[in-house]
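Good morning, colleagues. Please look at the model on the screen while I take you through its main features.

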Amino acid sequence: MAGIAVSASPAPAPSFGRSSVASRFSPVVGPSANFRTQVYGLRCWITAKLKLRRNLQVRAEDKVHDWLKVTPLTKNITSRDARLAYDFGGETANTSSDTLDSSMDEKSLMHLKLSPSETHPPVLKEDPVLFDDQPESAASLSIAVIGATGELARNKVFPALFALYYSGFLPRDVGIFGYSRKTLTDECLRSMIEANLTCRVEHHENCDEKLNEFLKRTYYIDAGYDNKDGMAKLNSRMSHIEGNCAANRIFYLAVPQEALLDVALSLADSAQTTQGWNRIIIEKPFGFTGLSSHRVTQSLLSRFEEEQIYRIDHLLGKDLIENLTVLRFSNLVFEPLWSRTYIRNVQVIFSEETATEIQGRYFGDYGIIRDIVHSHILQTIALFAMEPPVSLDGEDIRDEKAKVLRSIRKLDLEDIVLGQLKDNSVKVDRYTKSMTPTYFAAALYIDNARWDGVPFLIKTGIGLMKNRAEIRIQFHHVPGNIYRERFGHDIDLDTNELILRDQPEEAILLKVNNKVPGLGLQLDASELNLLYRDRYNVDVPDSYEHLLVDVLDGDSHLFMRSDELASAWNVLTPVIHEINQNRISPELYEAGGRGPVNAYYLAAKHGVRWDDD
């Protein structure tokens, strides 16, 4: 969808072109983005060179607190700058490429053709909207993105935060903090964020102004190589921006699993506020095995309360998932049908065309079972099959989801199909050269009174013919249907079906039987459809926006609790162990196809026919 892209010119404030179509956030691409990235990289390089020159010329006997003694040489240094220099190890918070460290001696300044009195004024020449460190008001909410320079943070988290800021879901005095081990400055982080943003808004009003405000309240913390020290610096910076006011903090841990505990425990010890609540967001996958997941959970719970931990799966932030409970519990026509009495089978399908864009090393290590099935698929089934909760409170809903997960029958190898994308091109990632499955299909059963005997068929894979994300509910045939002969030999044609679809286009479809207009009696299976694009003239928010709002509100129903996590692993760990122990080879399938043929035999075994149309 079309968007309004940030101008390639780094100064003055970014300009925005006109567009008649609202668009989602997407990375800025093309020559302008490349030029802008080069300019930002040059500015960051100049800043780094100045810092290096400073470090080489600082005398051995100099100490950090000597910053407070050089004020006579640089009369333009304010008390705020001096205080920041002390707090952050001799580095002022304003780190533009024109800023010179006041700890340089006069010889260094002369080498750069600057007099001591000229060291600080260049800071004042920077755009105060973008680069002035002093916030106009203390932050009532601080959001720290740990792993700020990673792909997830750049392409998803920061754009989602800006969308929420523009729409008013974040307070205007919010503080956004980027934390990473790369040696960057505030300006470099702002430039990196700006290069990946477009305005995905309905009216595009004041977009440049909002972007400037957002970037102005964004700060960078160099973590170094010790997270304990890094988190202490983060806490100091956040405290400064928050002032003496009470403030809440959210920490988004966009870090690899191997770094999770070190980051989280250091954060717990050194970066939590005592003047408000603290919440941490953890990205999937949640462990490699049931045992490793349990160890991580126990370590986290030793420092955090359960209600502080939000295990995020962006696929659960889709409207499709939210509609599961809305459609069922707010419509009398559906709630009485939601059981084995009327439902013959349920199909949960999630497939992707791409095989390269979002996978890489992470997917190769964890595979589709740990990546998609463990969280997204099982959580979808739990939300679909749960008993009515006492209320919409997150804990009440999670209580019911946990019961469903504990009721899932042990998976047999005979009821699963593994597939792997054929490596026909150098573009296909390296996970295809191992035994890692890229496709998974299975038949699940829930052993409780409501769902006894109803097969839940799941199918997920990458490199398939099209992107699909949907839930199909097929109902039983009408007992003694007097119109049965009108459908011929294919009795599946008269099956009522409810379809909740997120991709390829968001829709709710109900398949019913009706008479074709005209003389005679000819029956047809038609779809009553609610297409979102036709019914709602609104821009659908990104799933990260949805889930971040839930974290802000303290709504936990789309996030896995520790007992849910353990129950999901109890379902999958035995079958993963059997697959590894028996060295079961996945069935190869072609890119752009329907997937392994054995998936169709699996469905037929359980009396189900996949609908791939």
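I begin with a definition: a residue is called buried when its relative accessible area is under 20%, exposed when it is over 50%, and partly exposed in between, using a 1.4 Å probe and protein chains only. By that standard, 53% of the 613 residues of the chain count as buried. This is a predicted model, in which local features need pLDDT of at least 70 and side-chain atom pairs count only at pLDDT 80 or more, while totals for chains, interfaces and linings use all residues. Residues are numbered from 1 along each chain as its sequence is written, and side-chain values use heavy atoms, with hydrogens and water left out.

Let me describe the chain as a whole. Its secondary structure comes to 18 helices and 17 strands; helices (H or I, at least four residues) and strands (E, at least two) are DSSP runs, numbered from the N terminus. The accessible surface is about 28100 Å², and carbon and sulfur atoms hold 53% of that surface; the areas come from the Shrake-Rupley method with a 1.4 Å probe, and for residues only the protein chains shown count as cover. Contact here means heavy atoms within 4.5 Å. Among contacts in the chain with a separation of 6 or more, 77% are between residues 24 or more positions apart.

I turn next to strand β13. How many of the residues of strand β13, 468-475, are buried? Eight of the eight are, so the strand is largely enclosed by the rest of the structure. In a regular strand the side chains alternate between the two faces of the sheet. In β13, Arg468, Glu470, Arg472 and Gln474 lie on one side, with Ala469, Ile471, Ile473 and Phe475 on the other, and both faces are covered.

Which strands pair with β13? Two strands pair if DSSP finds at least two bridges between them. Strand β9, residues 343-352, pairs with β13 in the antiparallel sense over eight bridges, and Ile343 stands opposite Phe475 there. Strand β14, residues 497-503, also runs antiparallel to β13, joined to it by six bridges; Ala469 faces Gln503 in this pairing.

A salt bridge links β13 and β14 as well, the term meaning a side-chain nitrogen of Lys or Arg within 4 Å of a carboxyl oxygen of Asp or Glu. The partners are Glu497 and Arg472, whose closest N and O atoms are 3.0 Å apart. Glu497 belongs to β14 and Arg472 to β13, so the pair ties together parts that are 25 residues apart in sequence. Both Glu497 and Arg472 are buried.

The whole structure holds 24 salt bridges. Another one joins the side chains of Arg450 and Glu387 at 2.7 Å, N to O. This pair links distant parts of the chain, 63 residues apart: Arg450 is in the loop between β11 and β12, and Glu387 in the loop between α13 and α14. Arg450 is buried at 17% relative accessible area, whereas Glu387, at 32%, is partly exposed. Within helix α14, Lys403 and Glu400 lie three residues apart, about one turn of the helix, and they form a salt bridge with closest N and O atoms 3.5 Å apart. Here Lys403 is partly exposed at 43%, and Glu400 is buried at 10%. Finally, Glu395, Arg398, Asp399, Arg561 and Asp563 form a network of salt bridges.

The nonpolar cores come next. A nonpolar core is a set of buried Ala, Val, Leu, Ile, Met, Phe, Trp, Tyr and Cys residues joined through side-chain atoms within 4.5 Å. The largest has 122 residues, of which Phe158, Leu161, Leu234, Phe384 and Phe456 touch the most other members. Helix α13 gives the largest share of this core, eleven residues. A second, separate core of 15 residues includes Val417, Leu421, Leu457 and Leu602.

Helix α13, residues 360-385, also contains Leu383. Leu383 is buried, at 4% relative accessible area. Beyond its neighbours within four places in sequence, Leu383 is in contact with Ile321, Leu324, Thr325, Ile397, Lys401 and Leu558. The last of these, Leu558, is 175 residues from Leu383 in sequence, yet the two are 9.0 Å apart in space, C-alpha to C-alpha.

I close with helix α7, residues 186-195, which is mostly covered, with ten of its ten residues buried. Among them are Cys188, Leu189, Met192 and Ile193, together with the charged residues Asp186 and Arg190.
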